[in-house]
Structure formats: C-alpha cells, structure tokens
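Thanks for making the time this morning. I would like to walk through one model with its ligand, then its pockets, and finish with two points about the backbone.

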Amino acid sequence: MARRKIGLIGAGNIGGELANLAVAKQLGDVVLFDIPQKENLAKGKALDLEQSTALSGCDARVTGTSNWADVAGADILIITAGIPRKPGQSRDDLVATNLPIIRDVADNAKKHCPDAFVIVISNPLDAMVYEFKRRTGASRQKVVGMAGVLDSARFALFLARELNASIKDVRAMVLGGHGDDMVPVLSYCTVNGVPIRQLISKDKLASIIDRTRKGGGEIVGLMGTSAYYAPASSSIAMAEAFLFDQKRLLPCAAYLEGEYGYKDLYMGVPVVIGAGGVEKIVEIELDDEEKAMLKKSAGSVQQVLDVVKKST
Ligand SMILES: NC(=O)c1ccc[n+]([C@@H]2O[C@H](COP(=O)([O-])OP(=O)(O)OC[C@H]3O[C@@H](n4cnc5c(N)ncnc54)[C@H](O)[C@@H]3O)[C@@H](O)[C@H]2O)c1
C-alpha cells in the first residue's frame, strides 16, 4: 500500500508538533502548509524534521509549502490555520480573524482534497468546524473538530494527580462546546471502572472541573500563547483512529442532526472514528445536571454560530 498523505494546514506551533508526531509515528508523508509569508517557516520545519528521519529510520517525506497543489490528494487534513489566543482573550474573540481564514482553507480543501478526512483544530473550534463543513458541503462523516479529546486529557491528568493514580487507569470524558462551560461528565468518569465520585470528594471534584474548564487559559496565561503539545497529541489520536480503522470512541465535535436534542450545530459528543471517518454518534444517558450543563454549553456554541451565520 502506498504511504498515506497527511496535509497539515498551518505550520505554526501545533502544526509543527503535529508534523513531529506524524513522522515519529510513521503515519505517512507529511505536507506542512502555510501562507506565502510563512512558507519558509513551513519549509524550514519540514527540512529539520526530514533530517531527523536519518536517525529514526523513518522513510516518510516531509515537505513545506504554500502551494495547495502540493497538498492535493491528501488522505487526511488537520487544520490549525488561524491565530491562537493571547492572555485575557476568550476563544470566541478569535472569530473576526479566523473566520476568513477558515473560509479560505475550506475553499482550497474542497478544490484540492475533496476526499480527505478533515480534523479542524482552529478556534473558536465549534464555530470553525461548522463553517468548514458548511462552506465545503462535505458530509458530517468527513469533518470533525478536535476539542473533547484534549479537554478529557486535561481532566484525566488532574484526576490522576489528585489520586496519585496512574494516568493509564483514568477514564474521563468532557462533552459540549470547547469553551468555559464545557461539560466534564462525572457519571462516566472512572479509575479502571471505579466511579470517580467514590474516590474524590465533591468539593475537590468541583475544583478539578473548574481547572479543566480553564485549562487552556491557564497555559495561555503561562506562555502568552496557546498550548500545542497536548492539542497535537489529541489530534494525532483521532488521525490514527481514522488511518488504522481503530473504531475508537472519542469525544469530538460532531455535526448534530437531532442527537442529544440539538440540530445544525457542532458540539462535543462521543463518536466512533474509523476508516469511514465519524462512523457513528453515540448517544449516552446523561443525568439531569449533565443535561442542564450541556444545554448551557450548546447555548454558548449557538451564540458564536449566530455571529458566523450573520456574516455569510
Ligand atoms: N481545538 C483546540 O482544542 C485547540 C487547542 C489549542 C489551540 N487551538 C487553536 O489552534 C489554532 C492554531 O494554534 P497555533 O498555536 O498553532 O497557532 P500559530 O499562530 O502558531 O499557527 C497558526 C498558523 O496558521 C497560519 N495561517 C494563517 N492563515 C492561514 C491560511 N489561510 N492558510 C494556512 N495557514 C494559515 C499562520 O501563518 C500560522 O503559522 C488557533 O486558532 C488556536 O486557538 C485549538
């Protein structure tokens, strides 16, 4: 079988780490794309990474470019094009800048990579992935947003540290929009099957949930820009589920057509990712408190979406 082609749209902090992981995991040939003003950054990162393959023994090609023709025919696109948050900004503050960028990317993706499975990372996530799907007309199986895997990873880490438990044993799921009212779902959170509520007090859980919700902002406050290692790892987990037909159940931003009572929006829900892309949206039972939190989160997603829809 020919090597798979992985198009990374945006060669900034997350794009660079995505390329690094894709090469390290030998996922396929990597094309790192950015705008013409940043073409040398893309080319430099690509060359640096390709030289690292002399040590790892990976045969993958890594190319930097600002020419969409070089991305043509990609099996998968991971999109980080756009600006990240600065301290004090919310994800929603990025709409004005990132909306024209996602539209430009969508138009080119439709033209050059019509069959690709697409993972959108750019913020505000739920609105950007919605706009990508709307603009390209691609199916909901082919377009997914990355947020829940990252938010769940943060939640799991904070729980593991609180319990001094192995991160391998913690199962945690965060649903809803990728904003400050995301929904950590305690009723499905366990340490190897043991319900988390039996292990951690209510007050402590509340403070861990609060830290999870502000997890992105905590890093922006420390570094002056967005996180990139864990966002890249999260997206690569989704990419591997697609490339290797793993049928993984992952919390991802998916286009809802009535599931959970919501329509015509993207929001974090459990999905199955395999060779068919988003093969299934899994509707799990939520308790009343979780349903109320999901409703609030959906309301916030809808507000940003309304801004996006007005400017079409
Ligand atoms: N979904 C999540 O969980 C999550 C997590 C962290 C960051 N993010 C978001 O991901 C995005 C990227 O973050 P980053 O830290 O890599 O930013 P970055 O600034 O380091 O990189 C973004 C790159 O996109 C490029 N770009 C701009 N317009 C483009 C276009 N039309 N086509 C192709 N590339 C274009 C820029 O030149 C830049 O190199 C931000 O919007 C950030 O908020 C999302």
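Let me start with where the ligand is: it sits in the largest pocket, and I should say straight away that this is a predicted model. The elements that contribute two or more residues to the shell around the ligand are α1, spanning 13-24, and α3, spanning 95-112, and of these α3 provides the largest share of that shell, with four residues.

Which residues come nearest to the ligand? Of the 29 residues around it, the nearest are Asn-13, Ile-14, Asp-34, Ile-83 and Met-146. In terms of residue class, the shell divides into 16 nonpolar, 10 polar and three charged residues.

Turning to individual atom pairs, a polar side-chain atom of Asp-34 lies 2.6 Å from an oxygen atom of the ligand, and a backbone N or O atom of Ile-14 is placed 2.9 Å from an oxygen atom of the ligand. For Asp-104, the partner is a nitrogen atom of the ligand, which lies 2.9 Å from a polar side-chain atom of that residue. As for how much of the ligand is covered, it exposes 870 Å² when taken alone, and the protein buries 92% of that.

Now to the pocket itself, and here a general remark may help: rolling a probe the size of a water molecule over the atoms shows where empty space is left. The largest pocket has a volume of about 760 Å³, and its lining is made up of 38 residues, of which Thr-80, Ala-81, Gly-82, Ile-83 and Pro-84 lie nearest the centre. Ile-83 you will remember as one of the residues that come nearest to the ligand. At least two lining residues are supplied by each of α1, α3, α5 (148-163) and α7 (215-223), while α3 gives the most to this lining, with four residues. Sorted by class, that lining holds 19 nonpolar, 13 polar and six charged residues.

The second largest pocket encloses about 640 Å³ of space, and it is lined by 27 residues, with Val-149, Ser-152, Ala-153, Ala-156 and Ala-172 lying nearest its centre. Two or more residues of this lining come from each of α5, β7 (170-171), α7, α8 (229-243) and β12 (248-257). Which element gives the most to the lining of the second largest pocket? That is α5, with eight residues. The lining of the second largest pocket divides into 17 nonpolar, four polar and six charged residues.

Finally, the backbone, where the background is that most residues other than glycine have a negative phi, and most peptide bonds are trans. In this model, the peptide bond joining Asn-123 and Pro-124 is cis, with omega at about -5 degrees, and Pro-124 is found in the loop that runs between β5 (117-120) and α4 (125-136). Gln-26, which is not a glycine, has a positive phi near 55 degrees, and this residue is placed in the loop between α1 and β2 (29-33).

To come back to the main point, the ligand sits in the largest pocket, and the protein buries 92% of the area that the ligand exposes when taken alone. I am happy to take questions from here.

Definitions and conventions
Residues numbered from 1 in each chain as written. Predicted model: local features only at pLDDT ≥ 70, side-chain atom pairs only at ≥ 80, totals over all residues. Heavy atoms only, no water. Near = heavy atom within 4 Å. Polar contact = N/O pair within 3.5 Å; in protein donor to acceptor, adjacent residues only side chain to side chain. Areas by Shrake-Rupley, 256 points an atom, 1.4 Å probe, with all protein chains shown as cover. 1 Å grid on protein atoms, 1.4 Å probe; cavity = no way out; pocket = protein on both sides within 12 Å on 5 of 7 lines; lining within 4 Å. Sits in = over half its atoms within 2 Å of the grid points. Nonpolar A, V, L, I, M, F, W, Y, C, P; charged D, E, K, R; others polar. Points joined across faces, edges and corners; volume = space filled by probe spheres on them.
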